[in-house]
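Please open the structure in a viewer and keep the sequence panel visible beside it. The tour below proposes one selection after another and describes what is found at each.

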Amino acid sequence: MKCPVPRDLRWPSTTTITRRTAVSDALRVQIGEVTEPIAASLGYDLEEVAVTGPAYRRGVRITVDRDGGASLDELAEVSRALSEALDETDLLGDDAYDLEVSTPGVDRPLTLPRHWRRNRGRTVSIRRCLDGATETVTGRIGDSDDDEVTVIHNDKGRFTTTVVALADVERAVIEVDFTRPGAAELRRCGLDDDEIARRREPAR
């Protein structure tokens with residue numbers, strides 16, 4: 001028995017692909033081919049490339065990520081390197097373009113094993129298909145590998161776990177958490193003492 005396909009995942013019954021969209025998609029792929037090795041040489045994964053706007057004023061948004069995240073100064077360094085690489089090509093012609101380089105937002109769905117690893121200790125909401133039924137699993141991300149993730153649940157200090165196969169996940173997103181998690185809870189997620197101290201710092 002298969003789970004019903006969620007409405008937001010169904011392919012539209014009619015799809016109109018305009019020439020502008022086709023050109024933007026091709027350009028996005030080409031920009032990715034140029035910038036991905038540059039990002040990798042700096043220790044980052046290229047997560048997404050988006051191209052917006054008319055040809056005479058393109059907007060190029062590039063999302064990168066790495067273990068431990070990146071500061072604004074570090075992102076500025078990446079931006080300069082990617083800009084230089086793009087300027088050496090004729091992909092964007094002689095027209096001006098705006099380049100924005102950032103790390104993923106909390107609303108980015110977790111779709112790859114590295115996304116789970118980099119969000120260890122954060123609260124996640126998972127929609128999964130299990131035995132033909134769709135259910136939601138919520139908790140903190142613990143250990144994970146290429147095949148599964150362990151979710152930590154805290155019920156007033158009583159910890160339990162749920163192992164979720166990544167193949168069963170239909171959608172998973174990080175939830176904004178306004179509470180300060182306890183050290184014991186984060187330790188069960190596999191965080192070391194330095195990371196636990198950083199996560200428990202009051203928001204500024």
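## The chain as a whole

Begin with the whole chain in a cartoon display: five helices and eight strands are present. The model is a predicted one. Followed along the sequence, these elements come in the pattern α-β-β-α-β-α-β-β-β-β-β-α-α. The chain has 204 residues, of which 33% are buried.

## First stop: the nonpolar core

In soluble globular proteins, nonpolar side chains tend to be buried together. To view the largest nonpolar core here, select Ile 31, Val 60, Ile 62, Val 64, Leu 92 and Val 101; of its 17 residues, these touch the most other members. Which elements supply at least two residues each to this core? They are helix H1 (19–41), strand S1 (45–52), strand S2 (58–65), helix H2 (72–87) and strand S3 (97–102). H2 provides the largest share of the core, namely four residues.

Remain with helix H1 and select Ser 24, which is placed in that helix. Ser 24 has a relative accessible area of 14% and therefore counts as buried, the limit being under 20%. Now add Ala 50 to the selection and display the C-alpha atoms. Ser 24 and Ala 50 are 26 residues apart in sequence, and their C-alpha atoms are 8.5 Å apart in space.

## Second stop: salt bridges around Arg 118

Next, show side chains as sticks. The salt bridges in the model number 19. Select Glu 47 and Arg 118, whose side chains form one salt bridge with an N to O distance of 3.6 Å. This pair links distant parts of the chain, as Glu 47 belongs to strand S1 and Arg 118 to helix H3 (residues 113–118), 71 residues apart. Are these two residues buried or exposed? Both Glu 47 and Arg 118 are buried; for Arg 118 the relative accessible area is 17%.

Keep Arg 118 selected and add Asp 67. These two residues also form a salt bridge, with 2.7 Å between the closest N and O atoms. Here too, distant parts of the chain are linked: Asp 67 sits in the loop between S2 and H2, 51 residues from Arg 118 in helix H3. Asp 67 has a relative accessibility of 46% and so counts as partly exposed.

To see the wider arrangement, select Asp 45, Glu 47, Asp 65, Asp 67, Arg 108, Arg 114, Arg 117 and Arg 118 together; salt bridges link these residues in a network.

## Third stop: Asp 143 and Arg 120

Move on to Asp 143 and Arg 120, whose side chains meet in a salt bridge at 2.7 Å, N to O. Asp 143 is in strand S5 (residues 133–144), while Arg 120 is in the loop between H3 and strand S4 (123–130), so this pair ties together parts that are 23 residues apart in sequence. Asp 143 is partly exposed, at 47% relative accessibility. Arg 120 is also partly exposed, at 22%.

## Fourth stop: two surface patches

Switch to a surface display and select Asp 145, Asp 146, Asp 147 and Glu 148, which form a negative surface patch. Of these residues, Glu 148 lies in strand S6 (residues 148–155) and is partly exposed, at 36% relative accessibility.

Then select Val 106, Val 176 and Phe 178. These residues make a nonpolar surface patch of about 380 Å². Val 106 is located in the loop between S3 and H3, and its relative accessible area of 53% makes Val 106 exposed.

## Last stop: two positive phi angles

Most residues other than glycine have a negative phi. Which phi value should be expected at Asp 131? Asp 131 has a positive phi of about 55°, although Asp 131 is not a glycine. The residue is found in the loop between S4 and S5. With 76% relative accessibility, Asp 131 counts as exposed.

Finish at Lys 156, another residue that is not glycine, where phi is positive and near 55°. Lys 156 is placed in the loop between S6 and strand S7 (158–165), and Lys 156 counts as exposed at 85% relative accessibility.

Definitions and conventions. Residues are numbered from 1 along each chain as its sequence is written. This is a predicted model: local features need pLDDT of at least 70, side-chain atom pairs count only at pLDDT 80 or more; totals for chains, interfaces and linings use all residues. Side-chain values use heavy atoms; hydrogens and water are left out. Patches are made of residues with over 30% relative accessible area and no salt bridge: like charges are joined within 9 Å, nonpolar side chains (Val, Leu, Ile, Met, Phe, Trp, Tyr) within 5 Å. Accessible areas come from the Shrake-Rupley method with a 1.4 Å probe; for residues, only the protein chains shown count as cover. A salt bridge is a side-chain nitrogen of Lys or Arg within 4 Å of a carboxyl oxygen of Asp or Glu. Lys and Arg count as positive and Asp and Glu as negative; His and the chain ends are not counted. The place of a charge is taken as NZ of Lys, CZ of Arg, CG of Asp or CD of Glu. Buried means under 20% relative accessible area, exposed over 50%, partly exposed in between (1.4 Å probe, protein chains only). A nonpolar core is a set of buried Ala, Val, Leu, Ile, Met, Phe, Trp, Tyr and Cys residues joined through side-chain atoms within 4.5 Å.
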